Amino acid sequence: EMVPVTGVQTCALPICLIVTIDSDDLDAQMMADELSGSGEVAQYSTLWDALASMVEKAPSVIVIDTNTAQLVGVDVLGIIADTVGPVPIIVMTHDGTQMAAHRSLQMGATAHISKYTLGSHVLSNTVNSLIHQRVRIAA
């Protein structure tokens with residue numbers, strides 16, 4: 001059963017759409033591998049490509065590297081909110097971008113996870129938790 005959100009279809013367990021946005025091919029593949037058991041993973045290297053796809057089907061969760069497409073994290077959050085509406089956003093960064101992650105959290109990102117944890121199930125556990133919270137709220 002699909003749950004409409006502002007005219008856009010969203011997640012119905014067990015098939016959820018998880019959008020990842022990362023311009024680094026290796027990191028993007030590691031994210032997709034870790035998230036493969038959590039739902040349908042759609043990978044994008046730019047925010048603009050991801051936004052074009054999200055107009056038709058809102059994702060359950062977005063995972064984004066705030067350095068992608070040379071956009072500062074707070075700008076990315078505003079652009080996503082304006083285009084898709086409320087959706088949980090996980091910001092992933094390397095240690096050198098902690099200030100951007102902090103700003104993103106202050107501006108409304110749901111979580112920040114270090115890219116150094118990829119492969120340890122921190123990302124998949126966080127995504128699964130967010131998906132289940134969102135489905136409970138919609139029910």
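# Exercises around a central strand

In β6, I64 finds its bridge partner in V91. Here strands (E, at least two residues) and helices (H or I, at least four) are DSSP runs, numbered from the N terminus. The model is predicted, so local features are described only at pLDDT of at least 70 and side-chain atom pairs only at pLDDT 80 or more, while totals for chains, interfaces and linings use all residues. Residues are numbered from 1 along each chain as its sequence is written, and side-chain values use heavy atoms, with hydrogens and water left out.

**Exercise 1. Work out the order of elements along the sequence and the order of strands in the open sheet.**

Step 1. Begin with the inventory: the protein has seven strands and five helices.

Step 2. Now read along the sequence, where the pattern is β-β-β-α-β-α-β-α-β-α-β-α.

Step 3. Turn to the open sheet, whose five strands are ordered β4-β3-β5-β6-β7 with parallel pairing. Two strands pair if DSSP finds at least two bridges between them. At the edges are β4 (40-44) and β7 (111-114), each of which pairs on one side only. From one strand to the next, the twist averages 20°. Axes are lines fitted to C-alpha atoms, for helices over the stretch in contact, and angles run from 0 to 180 degrees between N-to-C directions.

Step 4. Add two helices. Helix α1 (residues 25-35) packs on the sheet and touches β3, β4, β5 and β6, with its direction at about 170° to that of β4. Contact means heavy atoms within 4.5 Å. Helix α2 lies across β3, β4 and β5 and runs at about 160° to β3.

**Exercise 2. Find the bridges that join β5 to β3 and to β6, and say which way its side chains point.**

Step 1. On one side, β3 and β5 run parallel and are joined by four bridges; one partnership is that of I18 with V61 in β5.

Step 2. On the other pairing, β5 and β6 are again parallel, over four bridges. D65 stands opposite M92 in β6.

Step 3. Recall a general rule: in a regular strand the side chains alternate between the two faces of the sheet. In β5, V61, V63 and D65 point one way, while I62 and I64 point the other way.

Step 4. Check the cover: five of the five residues of β5 are buried. Buried means under 20% relative accessible area, exposed over 50%, and partly exposed in between (1.4 Å probe, protein chains only).

**Exercise 3. Which elements give two or more residues to the largest nonpolar core?**

Step 1. A nonpolar core is a set of buried Ala, Val, Leu, Ile, Met, Phe, Trp, Tyr and Cys residues joined through side-chain atoms within 4.5 Å. The largest has 20 residues, and V19, I62, I64, I80 and I89 touch the most other members.

Step 2. The elements asked for are β3 (17-21), α2 (47-54), β5 (61-65), α3 (73-84) and β6 (89-93).

Step 3. Apart from this core lies another, of 15 residues, including L35, V61, V63 and I113.

Step 4. Take I64 as a sample: leaving aside neighbours within four places in sequence, I64 contacts I21, L47, V76, I89, I90, V91 and M92.

**Exercise 4. Why do the buried residues of α2 line one face of the helix?**

Step 1. List them: L47, A50, L51 and M54 are the buried residues of α2.

Step 2. Seen down the axis of α2, they fall within an arc of 100°, so they line one face. The arc is that of the directions from the helix axis to the C-beta atoms.

Step 3. The general background fits here: an α-helix has 3.6 residues a turn, so residues three or four places apart point the same way.

Step 4. Look at M54, which counts as buried because its relative accessibility is 1%. The C-alpha atoms of M54 and T83 are 8.0 Å apart, although 29 residues separate them along the chain.

**Exercise 5. Is S38 buried or exposed, and what does S38 touch?**

Step 1. Locate S38 in the loop between α1 and β4.

Step 2. S38 counts as buried because its relative accessibility is 9%.

Step 3. Not counting residues up to four places away in sequence, S38 touches C16, I18, S124, V127, N128 and I131.
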